[in-house]
Amino acid sequence: QVQLVESGGGLVQPGGSLRLSCACSGTTFRIFTMEWYRQAPGKQRDLVATITSAETTVYAGSVKGRFTISRDNDKNTVYLQMNSLKPEDTAVYYCHVFRSSFWGQGTQVTVSS
């Protein structure tokens, strides 16, 4: 079973940046399509970004142009670079393996002055 561990969340001011990391266990990471989701209080869990094994990327319209998803297969890690952060980006961010039941524990991102 795949284990996912997110890190990098925290408190940041509006306009600031954070980089989230998700470390994935096992030897099959390189063939996975990986995703970042987020869930704000009282709201559903929404897809933020996706990156395939071929490094094709897609983004939610709310983050396009501000966030960048990337991966390092040698480190079994997927990243989410978050720039120009807004208060509405505040949420718990989760790493996910596409078409699977494998989720990370989540990392809290709070954007506030």
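Asp89 is in contact (heavy atoms within 4.5 Å) with Arg38, Arg66, Phe67, Ser84, Val109 and Val111, once its neighbours within four places in sequence are left aside. This residue belongs to the loop between β8 and β9, where strands are DSSP runs of E with at least two residues, helices are runs of H or I with at least four residues, and both are numbered from the N terminus. With a relative accessibility of 0%, Asp89 counts as buried, a term that stands for under 20% relative accessible area, while exposed stands for over 50% and partly exposed for what lies in between, with a 1.4 Å probe and protein chains only. Its C-alpha lies 9.0 Å from that of Ser62, a residue 27 positions away in sequence.

The model is predicted, so that local features need pLDDT of at least 70 and side-chain atom pairs count only at pLDDT 80 or more, whereas totals for chains, interfaces and linings use all residues. Residues are numbered from 1 along each chain as its sequence is written, and side-chain values use heavy atoms, with hydrogens and water left out.

**The chain as a whole**

The chain has 10 strands and zero helices, and the order of its elements from the N terminus is accordingly β-β-β-β-β-β-β-β-β-β. The radius of gyration, taken over C-alpha atoms, is 13 Å, which agrees with the value near 13 Å that a compact globule of 113 residues would have; the globule rule is 2.2 Å times the number of residues to the power 0.38. The C-alpha trace spans about 40 × 25 × 20 Å along its principal axes. Of the 113 residues, 42% count as buried, and among contacts between residues at least 6 apart in sequence, 52% join residues at least 24 apart.

The chain exposes about 6,100 Å², of which carbon and sulfur atoms supply 47%, the areas coming from the Shrake-Rupley method with a 1.4 Å probe. There are 11 positive and 8 negative side chains, and the centres of the two sets lie 3 Å apart; Lys and Arg count as positive and Asp and Glu as negative, without His and the chain ends, and each charge is placed at NZ of Lys, CZ of Arg, CG of Asp or CD of Glu.

**The nonpolar core**

A nonpolar core is a set of buried Ala, Val, Leu, Ile, Met, Phe, Trp, Tyr and Cys residues joined through side-chain atoms within 4.5 Å. The largest one holds 28 residues, of which Met34, Trp36, Val78, Leu80 and Tyr93 touch the most other members. Two or more residues of this core come from each of β3 (18–24), β4 (34–39), β5 (45–51), β7 (67–72), β8 (77–82), β9 (91–97) and β10 (107–111). Beyond its neighbours within four places in sequence, Tyr93 is in contact with residues including Leu20, Trp36, Val48, Phe67, Leu80 and Val109.

**Loop residues**

Phe32, in the loop between β3 and β4, touches Val2, Cys24, Ile51, Thr52, Ser53, Arg71 and Val97, not counting residues up to four places away in sequence. Phe32 and Ser100 are 68 residues apart in sequence and 10.0 Å apart in space, C-alpha to C-alpha. The table sets Phe32 beside two further loop residues.

| Residue | Loop | Relative accessible area |
|---|---|---|
| Phe32 | between β3 and β4 | 16%, buried |
| Asn76 | between β7 and β8 | 16%, buried |
| Arg99 | between β9 and β10 | 75%, exposed |

Asn76 has a positive phi of about 50° although it is not a glycine, and Arg99, likewise a residue other than glycine, has a positive phi near 60°.
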